[in-house]
Structures are given as C-alpha cells and as structure tokens.
Amino acid sequence: MRFEFATATRIVFGEGTAATLPELARSFGARPLVVTGASTERAAWLVAAFEAETFSVSGEPTVELVRAGARRVNDAACDVVLAMGGGSAIDAGKAIAAIATNGGEPLEFLEVVGNGRAIAVQPLPFIAVPTTAGTGSEVTRNAVLGSAEHGVKASLRSPMMLPRVALVDPELTYGLPPAVTAYTGLDALTQLIEPYVSGRANPLVDAICVDGIRHVAGALRRAYHNGADQDARCDMALASLFGGLALANAGLGVVHGFAAPLGGSWKAPHGALCAALLPHGMAANVAALRARAPRHPALERYTAIARLLTGLNEASAEDGIDWVRALCVDLNVPPLRAWGITEADLPGIVEKAARASSMQANPLQLTGEELLLVATAAR
Ligand SMILES: [Zn+2]
C-alpha cells in the first residue's frame, strides 16, 4: 500500500476557541486585514481588538474583488489576513493573501480562464475562521473565484495557499438560518461522499469520510430543525472540516462537476446547487456502475454510505439515494429551476460539466446522455 495525505494547516477545533483569535493573529503579524461576509457584526470585537482593516465580501468572490482586496492589503501594509465568514469570505481572504504578495493580478494565476501561472511567492499568513458548516475551505488549497467577464468560476490553486491556521468554533454557527444550514450541510455531505467514491481515495481519506458521513446523518436534520442544538452544530462543524480534508486529498465528482458551471452563470449559493444535484448524481453513478462495472469498488462504497446514512446493516446503495432524497425534501431544498435554470440551458451546462475538473475524479465516466438525465432530474 502507498498513499499521500497532505495538509499543512494547524487545526484548532472547539466551542469557545474563537476567543483565542487576537492572540493567535498577533503571533503572525501586527496589522491584520479582517475579511468578513456581508455582515461585519460578528467580527466587530476582533476588529476592535486590533484596530484592524476590514474588508467585507457580499456574494461569492470575484476576480475584481480579490484585486481590490490585495490593493487594500498593500495600501494599509497589512501583514496577516484573517477571514471570518462562510466559504465566500474564506476563499476571498485566501486569494487576497496570495495575490497581495504575487503582483496583485488574480488573472495571472487563475486556472481555465486566466494564465494559470503558479503562485511563486509565499502568501501572507492566512487564518481561516468558518462561520458556516459546509465548504471546508479552511483546510483546502484553492479559492474559487467568479469572473464577470468570462461567466464561469475557476480556481486559484497552490499548496502555498493552505491556511496557516483553521480555527473552527462551532459556536459561530449557532445563529445560521435554516436554509443556510441545509445548503451548507448538504455541501458538506457531498464533499464527504464524492471523495469517498473517487478513485483517489486512500485509507486516511476513507476514515475521515466514514466518520464525517456518520456525523451528518445524525446531526443535519437536528441542526436544521433546531439551530440551537449545540451537539448537532458541533457535529456539522466537524463534518464540514472533514469534507475539506477529504476533497483536498481525493477530489470530488459529478455533483461538483455540475456546480462549477452552474455557479459561474447563475446567482445561486454553491451549497444549494450541490444539494439539488446530490441524489441525482448518486443515482446516475450507481446505475452506471451496475450497468457497466458491477464489480467496481465504488459500488461497495455506495452500499457502505447507505448503511452509514440509514443506520441499517442490510441497506442497499439505492436505499442511500432514497435517504438523501428524503433529506432534501425535509430540508426544503429547491430544484435547480428555482434559481432560473431552464430546460433550454441544460445541454450547454452538460457540455461544460463534462469538462469540469471535479468530473475527472468521478468513479466512472458518465455519458452525455447520463449527464443530461442528472441535470433534468435536478431541475
Ligand atoms: Zn462543495
């Protein structure tokens, strides 16, 4: 056996750990830039503790936003970047920390639509503090940016972009509204299922995914119906962190293959897209595996997932899909058409999804026809 598992991020997890942030940030620099989501309230005490520069991000980050953030870092001579927020704020902070020391132009380094140059200079120290439980971006080495000009999303990616510290305090998620809890929680579940069935999984990824899936199965419904359920919030924060570690080491699959082009052209939260697609992506993979590769190890993994989700030892892969479908109904996940995606859009989406980087880690190659079925069912 041979495998690699990489993370250079120091992980600090637990209720109340956010109180240590001023001291933690000071160990990296004297002038932090604090990146927040649309609401700056939650980080107000932190900003006050430092008289820090702040930079707020509404919506998912773009090339233009990161360019502005990097300029801000350099104008104010900031020496550490701390992002406190959802995946958008964390990806923005991660990208700003890297672009600020690498010449200031995100398009130089962006994959697919940019020049794709490698990040050469060490980014500023970056501390990630998630306030949602979903993206796992606090332990990944990429930042997803939209480009208004190109109408797609693409990644800045470098091992140097791994956050120096991921501070995960479940208390920060207590106030999340139900819809955000549902979308981000189902993104976390997707990010545990897709790496687990990908061809790049390894024993350490497996252990993380199995434990993470079990936590989501026990906690997501509870967190959705009662946001004040502290144990459920803690389990979801852990599952999200595990999903980030898993995807950074084993890749994703068909659901994220669709989420990339959809998120680039429609204003829908990433988690909502993944949630709408998840049961249909699982169903397509299981059906294709049964038809074309009945002895493929991924099929056994779908069975294992079903048993973790349902808690039943005799559950089949299909029972797992049904469980996820029922969860999406319970959590009021809207179909893709709710975000304005029409039937006429689907062929174009399928074409882009087939080329998406996440699709390469799917356990088997789905045909254009199979992909169209996924998109049609999710719509
Ligand atoms: Zn995701």
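Buried means under 20% relative accessible area, exposed over 50%, and partly exposed in between, with a 1.4 Å probe and protein chains only. The model is predicted: local features need pLDDT of at least 70 and side-chain atom pairs count only at pLDDT 80 or more, while totals for chains, interfaces and linings use all residues. Residues are numbered from 1 along each chain as its sequence is written, and side-chain values use heavy atoms, leaving out hydrogens and water.

**Exercise 1.** Determine what share of the protein chain is buried, and assess its compactness.

*Solution.* Step 1: of the 379 residues, 58% count as buried. Step 2: the radius of gyration, taken over C-alpha atoms, is 20 Å. Step 3: the globule rule (2.2 Å times the number of residues to the power 0.38) gives 21 Å for 379 residues, close to that value, so the chain is as compact as a globular protein of that length.

**Exercise 2.** Describe the largest nonpolar core and the surroundings of F258.

*Solution.* Step 1: a nonpolar core is a set of buried Ala, Val, Leu, Ile, Met, Phe, Trp, Tyr and Cys residues joined through side-chain atoms within 4.5 Å. Step 2: the largest such core has 78 residues, and those with the most contacts inside it include L186, F258 and Y302. Step 3: helix α9 (residues 270–292; helices are DSSP runs of H or I, at least four residues, numbered from the N terminus) gives the most to this core, with 12 residues. Step 4: beyond its neighbours within four places in sequence, F258 is in contact (heavy atoms within 4.5 Å) with residues including L277, I349 and L371. Step 5: a second, separate core of 33 residues includes I119 and M161.

Technical notes. Helices (H or I, at least four residues) and strands (E, at least two) are DSSP runs, numbered from the N terminus.
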